[in-house]
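Morning, everyone. I'd like to walk you through one model today, going from the overall fold down to a few side chains. Here it comes.

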Amino acid sequence: MRKLFASFVAAALLAGAVAVPAAAQSRGDQASAREEMKAGRNLPVREIERRVIPQMRGHDYLSFEYDGGNSAYRLKFMKEGLVVWVDVDARTARILRVSR
């Protein structure tokens with residue numbers, strides 16, 4: 001049984017089927033956001049929030065995530081019990097997409 005399990009794990013690793021845990025990915029994105037901001041390529045998240053939150057009247061702001069692959073912030077709002085995601089360009093603070 002152990003040989004079978006070990007073989008499965010080895011095959012999964014070789015095939016790239018083992019995903020990076022979400023917590024590790026999140027830490028990587030946070031570090032990436034900080035590096036991009038320090039280099040002057042991205043706006044600080046507080047500036048993004050300052051520009052976007054007033055545009056979302058009637059919504060409660062909950063949190064944000066950073067997507068390093070797309071250089072975008074995803075702000076999470078709630079209105080009338082529904083979650084609303086707002087994707088924002090990290091360089092310009094331009095709203096890219098609103099998902100309900």
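Let me start with a definition: buried means under 20% relative accessible area, exposed means over 50%, and partly exposed is in between, with a 1.4 Å probe and protein chains only. On that scale, 23% of the 100 residues of the protein chain count as buried.

Some housekeeping before we go on. This is a predicted model, where local features need pLDDT of at least 70 and side-chain atom pairs count only at pLDDT 80 or more, while totals for chains, interfaces and linings use all residues. Residues are numbered from 1 along each chain as its sequence is written, and side-chain values use heavy atoms, with hydrogens and water left out.

Okay, the fold. We have three helices and four strands in the protein chain, taken as DSSP runs numbered from the N terminus (helices are H or I with at least four residues, strands are E with at least two). The order from the N terminus is α-α-α-β-β-β-β. As for contacts, meaning heavy atoms within 4.5 Å, take those between residues at least 6 apart in sequence: 34% of them join residues at least 24 apart. The surface comes to about 7200 Å², with carbon and sulfur atoms supplying 56%; that is Shrake-Rupley with a 1.4 Å probe, and for residues only the protein chains shown count as cover.

Now the charges. Side chains of opposite charge can pair when their charged atoms come close. I'm calling it a salt bridge when a side-chain nitrogen of Lys or Arg is within 4 Å of a carboxyl oxygen of Asp or Glu. How many salt bridges does the structure hold? Six.

Look at Asp 87. It forms a salt bridge with Arg 74, with the closest N and O atoms 2.7 Å apart. That pair links distant parts of the chain, since Asp 87 is in strand E3 (residues 82-89) and Arg 74 is in strand E2 (residues 72-79), 13 residues apart. Asp 87 also forms a salt bridge with Arg 97, and here the closest N and O atoms are 3.0 Å apart. Arg 97 sits in strand E4 (residues 95-99) and Asp 87 in E3, so this pair ties together parts that are ten residues apart in sequence. Is Asp 87 buried or exposed? Asp 87 is buried, at 6% relative accessible area. Its partners are another story: Arg 74 is partly exposed at 30%, and Arg 97 is partly exposed at 48%.

Over in the helices, Arg 51 and Glu 47 meet in a salt bridge too, 2.7 Å from N to O. They're four residues apart in helix H3 (residues 45-52), so about one helical turn separates them. Arg 51 is partly exposed, with 34% relative accessibility. Add Arg 50, and you have Glu 47, Arg 50 and Arg 51 linked in a network of salt bridges.

Next, the rings. Rings of Phe, Tyr and Trp (its six-membered ring) pair if their centres lie within 6.5 Å; planes under 30 degrees apart are stacked, over 60 edge-to-face, and the rest tilted. That rule gives three aromatic pairs. Phe 64 and Tyr 73 have ring centres 5.9 Å apart and planes at 70 degrees, so that one is edge-to-face. Tyr 66 and Tyr 73 make a tilted pair, 5.0 Å centre to centre with 55 degrees between the planes. Phe 64, Tyr 66 and Tyr 73 form one aromatic cluster. Within that cluster, Tyr 66 and Tyr 73 are buried, whereas Phe 64 is partly exposed at 33%.

Two loops deserve a look for their backbone. Most residues other than glycine have a negative phi. Glu 80, in the loop between E2 and E3, has a positive phi of about 50 degrees. Ala 93, in the loop between E3 and E4, has a positive phi as well, near 70 degrees. Glu 80 is exposed at 74%, but Ala 93 is buried at 9%.

Last stop, His 59, in the loop between H3 and strand E1 (60-67). His 59 is buried, at 16%. Leaving aside neighbours within four places in sequence, His 59 is in contact with Phe 77, Met 78, Lys 79, Val 84 and Arg 100.

That's my tour; over to you.
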